[in-house]
Amino acid sequence: MYASTGVNLDRANFVVPEKMRAWILGDPGQLIWTEKAVPVPGRAEVLVRIDAVAICATDLDVIKSGPPALVRGGLPFNKNWTPGHEYMGTVAALGPGVDEFAIGDRVTVEIHAGCGQCKRCRMGMYTSCLNYGLNYGDMNKGHRANGFTTDGGFAEYAINNINTLIKIADTMTDEEATLVVTAGTSMYGLTELGGLVAGESVAVIGPGPIGLLGAAVAKALGASPVFLTGTRDARLETGKKLGADFIVNVMRENGVETVRRLNGGKGVDYVIECSGAPGAINAAALMCNRGGKICLAAFPHELDLIDVGHIVRNNIYLYGIRGEGRSATHRAEAFMREKRFDATLIHTHTFVLEDLPEALRYARDRVEDAIKVVVKMRRE
Ligand SMILES: [Zn+2]
Ligand SMILES: [Zn+2]
């Protein structure tokens with residue numbers, strides 16, 4: 001029977017099996033559908049029964065080449081390890097001492113728990129934990145980043161630190177709840193790291209999920225005006241529905257010139273770079289006004305040539321963002337609960353967990369203009 005000392009279960013209403021179905025990563029690009037033991041939550045942890053999980057571009061990177069996943073100090077291949085990080089579900093068991101959640105609570109999750117003892121964690125920057133990946137062996141610092149350093153969501157159950165859980169409203173669907181962490185990442189970049197206040201102008205480069213929800217969050221925070229630039233009309237139109245005041249297709253117009261012209265010739269206060277495209281950082285710097293800020297939210301695969309002189313002469317701030325942080329997901333969930341923007345507009349496709357490889361193909365190749373592909377559990 002599934003159990004362990006100090007773990008709280010609700011056997012009458014919520015049966016937790018001993019084994020679960022799960023995908024594990026074999027060689028690069030190889031996913032294996034297998035069976036694993038259901039993990040047992042420790043102190044400050046709960047067991048989450050996963051109900052839905054969204055696919056992120058970073059999952060595709062991890063499955064194909066490894067980083068930023070770091071499992072037991074190395075690449076994540078052939079370690080019986082499960083990827084997937086944008087999931088939501090139902091609390092199924094409570095670790096010793098946990099009373100912050102109840103069995104049956106619907107929750108969505110953040111990725112990083114951090115170690116809680118390094119300088120950055122103590123500052124609330126647990127996504128930048130200095131002990132990233134140190135959760136094993138003699139130097140176990142207890143760091144957790146589900147789907148990166150610890151087992152993730154392409155399975156029926158996963159362990160989560162209570163600090164990574166966000167309760168969700170009954171009015172929010174499973175699919176929408178998987179998008180909270182994406183919106184939370186944009187929120188963290190704009191508010192906690194960026195210091196955005198209402199009335200400031202924002203340009204978003206790249207209408208991927210983070211860019212689209214970045215435009216939505218910026219608008220909901222009172223940014224004005226909000227620009228969105230990209231190469232695909234359909235995605236730009238979605239961005240307009242989410243709150244972008246102006247959309248610019250850079251295949252037809254010069255993005256930098258158009259953004260500057262429409263904002264009085266001086267450029268914008270913030271640029272969120274979500275494309276990872278060659279030359280995008282220079283474009284961001286040219287869109288920015290003097291003293292403006294650039295948040296880098298994409299993971300480029302190539303080195304890029306940057307006009308550092310322009311950045312220095314114009315007192316431009318440049319900062320990267322690794323993911324959600326400072327509990328920004330809670331604020332993003334509040335916006336979504338209040339219907340300040342409709343995140344479901346970016347959810348385009350749904351598959352069952354068994355069909356994960358096909359779901360990944362849709363996300364990777366943007367089949368049928370896929371934006372966010374969600375995998376759901378098959379249940380009677
Ligand atoms: Zn992600
Ligand atoms: Zn830490």
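Colleague: Let's start with a proline. In which loop does Pro 68 lie?
Modeller: Happy to help, and please keep in mind that this is a predicted model. Helix H1 covers residues 57-65, and strand S4 covers 86-94. Pro 68 sits in the loop between H1 and S4.

Colleague: What is the omega of the peptide bond from Pro 67 to Pro 68?
Modeller: Most peptide bonds are trans. The bond from Pro 67 to Pro 68 is cis instead, with omega near 5°.

Colleague: Which residues does the other cis bond, with omega about -10°, join?
Modeller: Look in the loop between helix H5 (209-220) and strand S9 (226-230), where Pro 225 lies. A cis peptide bond with omega of about -10° joins Pro 225 to the residue before it, and the pair is Ser 224 and Pro 225.

Colleague: Which residue other than glycine has a phi near 65°?
Modeller: Most residues other than glycine have a negative phi. The one you are after has a positive value. You will find it in the loop between strand S2 (31-37) and strand S3 (45-54). With phi near 65°, it is Ala 44.

Colleague: Let's step back to the whole chain. How does its radius of gyration compare with the globule rule?
Modeller: The secondary structure comes to 11 helices and 15 strands. For 380 residues the globule rule gives 21 Å, and the chain comes close to this, so it is as compact as a globular protein of that length. Along the principal axes, its C-alpha atoms fill a box of roughly 70 × 45 × 40 Å. The radius of gyration itself is 21 Å.

Colleague: How far apart do the C-alpha centres of domain 1 and domain 2 lie?
Modeller: Domain 1 is made of 19-111 + 146-178 + 342-376, while domain 2 is 183-320. Their C-alpha centres are separated by 29 Å.

Colleague: Which helix gives the largest share of the side of domain 1 that touches domain 2?
Modeller: The contact takes 10 residues from domain 1 and 12 residues from domain 2. On the domain 1 side, three residues make up the largest share, and they come from helix H1.

Colleague: How does that side of domain 1 divide by class?
Modeller: Here is the split for the side of domain 1 that touches domain 2. By class, there are five nonpolar, one polar and four charged residues.

Colleague: Now the helices. Are H4 and H5 parallel, perpendicular or oblique to each other?
Modeller: Two packed helices are described by the angle between their axes and the distance between the axes. For H4 and H5 the axes are 8 Å apart and the angle is about 60°. H4 passes H5 in a right-handed crossing. The two helices are therefore oblique.

Colleague: How many charged residues are in the contact of H4 with H5?
Modeller: H4 brings Thr 182, Ala 183, Thr 185, Ser 186, Met 187 and Leu 190, and H5 brings Pro 209, Ile 210, Leu 213, Gly 214, Val 217 and Ala 218. By class, these are eight nonpolar and four polar, and the number of charged residues is none.

Colleague: How are H4 and H10 oriented to each other?
Modeller: H4 spans residues 180-190 and H10 spans residues 328-337; their axes come within 8 Å and cross at roughly 115°. The crossing is right-handed. H4 and H10 are therefore roughly perpendicular.

Colleague: How many charged residues does the contact of H4 with H10 have?
Modeller: Val 180, Val 181, Ala 183, Gly 184, Met 187 and Tyr 188 of H4 meet Ala 328, Thr 329, Arg 331, Ala 332, Glu 333 and Met 336 of H10. Eight of the contact residues are nonpolar and two are polar. The number that are charged is two.

Colleague: One last pair: how are H5 and H6 oriented?
Modeller: H6 covers residues 233-242, and its axis comes within 8 Å of that of H5, crossing at roughly 25°. The crossing of H5 and H6 is right-handed. In their contact, Leu 212, Ala 215 and Ala 216 of H5 meet Arg 235, Thr 238, Gly 239 and Leu 242 of H6. From the angle, H5 and H6 are therefore roughly parallel.

Note on methods. Residues are numbered from 1 along each chain as its sequence is written. Chains are lettered from A and ligands numbered from 1 in the order in which they are written. This is a predicted model: local features need pLDDT of at least 70, side-chain atom pairs count only at pLDDT 80 or more; totals for chains, interfaces and linings use all residues. Axes are lines fitted to C-alpha atoms, for helices over the stretch in contact, and angles run from 0 to 180 degrees between N-to-C directions. Helices (H or I, at least four residues) and strands (E, at least two) are DSSP runs, numbered from the N terminus. Angles under 35 degrees count as roughly parallel, over 145 as roughly antiparallel, 65 to 115 as roughly perpendicular and the rest as oblique. A crossing is left-handed if the near helix is turned anticlockwise from the far one by less than a right angle, and right-handed if clockwise. Two residues are in contact if their C-beta atoms, placed from the backbone, lie within 7 Å. Ala, Val, Leu, Ile, Met, Phe, Trp, Tyr, Cys and Pro count as nonpolar, Asp, Glu, Lys and Arg as charged, and the others, Gly among them, as polar. Domain bounds come from an automatic or database domain assignment. The radius of gyration is taken over C-alpha atoms; the globule rule is 2.2 Å times the number of residues to the power 0.38.
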